[in-house]
Amino acid sequence: MRDWTEAELRQKLSARQYEVLALVTQHLSSKEIGARLGLSYKTIDNHVADLMVRLDVSSRADAARIFLGVSETRERLPSASESLDGTGPGAPQGNRPVTAAMHDEVAVHASSHRATTSSLLKLPPVGGARHDLGLVQRVAAMGQVGLASVVVLAAIVTVMVGILSLLGR
């Protein structure tokens with residue numbers, strides 16, 4: 001994946017796409033982003049799809065990594081009010097500069113939480129905060145959900161027929 005500057009990113013994306021990408025990095029789903037911006041989740045999905053094409057990435061996670069890389073570069077540059085050693089008034093709290101390792105630590109924690117949650121539910125991540133699945137994987141996931149729905153419907157019908165037959169005696 002290529003390194004981007006903030007200027008390149010802002011030139012490549014519209015202001016709305018840049019805003020949506022910033023919210024994607026916070027692990028928000030399209031519905032959550034839409035609620036914050038007063039837009040439909042489908043509009044957000046369209047913005048995400050378009051920015052993924054413009055950035056030449058295949059997932060929301062890759063697009064978020066680009067944005068985080070740009071913001072990490074921006075955070076490493078000293079402002080006019082701080083010295084080059086990071087001790088000025090604008091320095092991060094505790095003189096601890098933000099590093100790529102910190103971003104990675106947050107990402108690992110968030111992904112392990114999602115993995116635990118999805119393994120408990122035994123449902124594939126089809127939508128929401130993660131759009132990392134390829135087309136074949138999405139179709140397979142939809143098939144699993146459809147099959148589970150048919151099984152539940154058959155169980156409900158069987159119970160209803162049993163109840164009706166008991167009442168008919």
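Here is a short back-and-forth about the predicted model above.

Reader: Before we dig in, what kind of model is this, and how are residues numbered?
Author: It's a predicted model, where local features need pLDDT of at least 70, side-chain atom pairs count only at pLDDT 80 or more, and totals for chains, interfaces and linings use all residues. Side-chain values use heavy atoms, with hydrogens and water left out, and residues are numbered along each chain as its sequence is written, from 1.

Reader: What is the mean pLDDT of the protein, and where is confidence highest?
Author: pLDDT is the predictor's confidence in each residue, from 0 to 100. The mean for the protein is 74, with 62% of residues reaching 70 or more. Confidence is lowest in helix α6 (residues 100–121), at a mean of 50, and highest, at 91, in α4.

Reader: Over which residues does pLDDT stay under 50?
Author: Contact here means heavy atoms within 4.5 Å. Residues 116–126 are below 50, and that stretch has eight contacts in the model beyond near neighbours in sequence. The other stretch has 21 contacts beyond four places in sequence, and its pLDDT stays under 50 over residues 76–98.

Reader: How many helices and strands are there in the protein?
Author: Helices (H or I, at least four residues) and strands (E, at least two) are DSSP runs, numbered from the N terminus. Along the sequence the pattern reads α-α-α-α-α-α-α. The count is seven helices and zero strands.

Reader: What share of the protein's residues count as buried?
Author: Buried means under 20% relative accessible area, exposed over 50%, and partly exposed in between (1.4 Å probe, protein chains only). Of the 169 residues, the buried share is 23%.

Reader: Which helix supplies the largest share of the largest nonpolar core?
Author: A nonpolar core is a set of buried Ala, Val, Leu, Ile, Met, Phe, Trp, Tyr and Cys residues joined through side-chain atoms within 4.5 Å. The largest one has 23 residues, and those touching the most other members are Leu9, Val20, Leu21, Val24, Ile33, Leu51 and Leu55. At least two residues each come from α2 (15–24), α3 (30–37), α4 (41–55) and α5 (60–76). The largest share, six residues, comes from α2.

Reader: How many of the residues of α2 are buried?
Author: The buried ones are Gln17, Tyr18, Val20, Leu21, Ala22, Leu23 and Val24. The helix is largely enclosed by the rest of the structure, because the buried count is seven of the ten residues.

Reader: Which residues does leucine 9 touch?
Author: Leu9 is among the core residues that touch the most other members. Leaving out residues up to four places away in sequence, leucine 9 touches Trp4, Tyr18, Leu55, Ile66, Phe67 and Val70.

Reader: Within what arc do the buried residues of α4 fall?
Author: Ile44, His47, Val48, Leu51, Met52 and Leu55 are the buried residues of α4. They line one face of the helix, because, seen down its axis (using directions from the axis to the C-beta atoms), they fall within an arc of 135°.

Reader: Which exposed residues sit on the face of α4 turned away from its buried side?
Author: α4 has 15 residues and reaches 21 Å from first C-alpha to last, close to the 21 Å expected at 1.5 Å a residue (1.5 Å times one less than the number of residues). On the face turned away, the exposed residues are Lys42, Asn46 and Val53.

Reader: Which residue caps the N-terminal end of α4?
Author: The capping residue places a side-chain oxygen 3.1 Å from the backbone nitrogen of lysine 42. That residue is serine 40.

Reader: How far apart in space are lysine 31 and lysine 42?
Author: Lysine 31 lies in helix α3 and counts as exposed, at 57% relative accessibility. The two lysines are eleven residues apart in sequence, and C-alpha to C-alpha they are 8.3 Å apart.

Reader: What is the phi of aspartate 56?
Author: Aspartate 56 is in the loop between α4 and α5, and it is exposed, with a relative accessible area of 71%. This residue is not a glycine, yet its phi is positive, near 60°.

Reader: And what about the phi of histidine 27?
Author: Histidine 27 lies in the loop between α2 and α3 and counts as partly exposed, at 35% relative accessibility. Though not a glycine, histidine 27 has a positive phi of about 65°.

Methods:
Polar contact = N/O pair within 3.5 Å; in protein donor to acceptor, adjacent residues only side chain to side chain.
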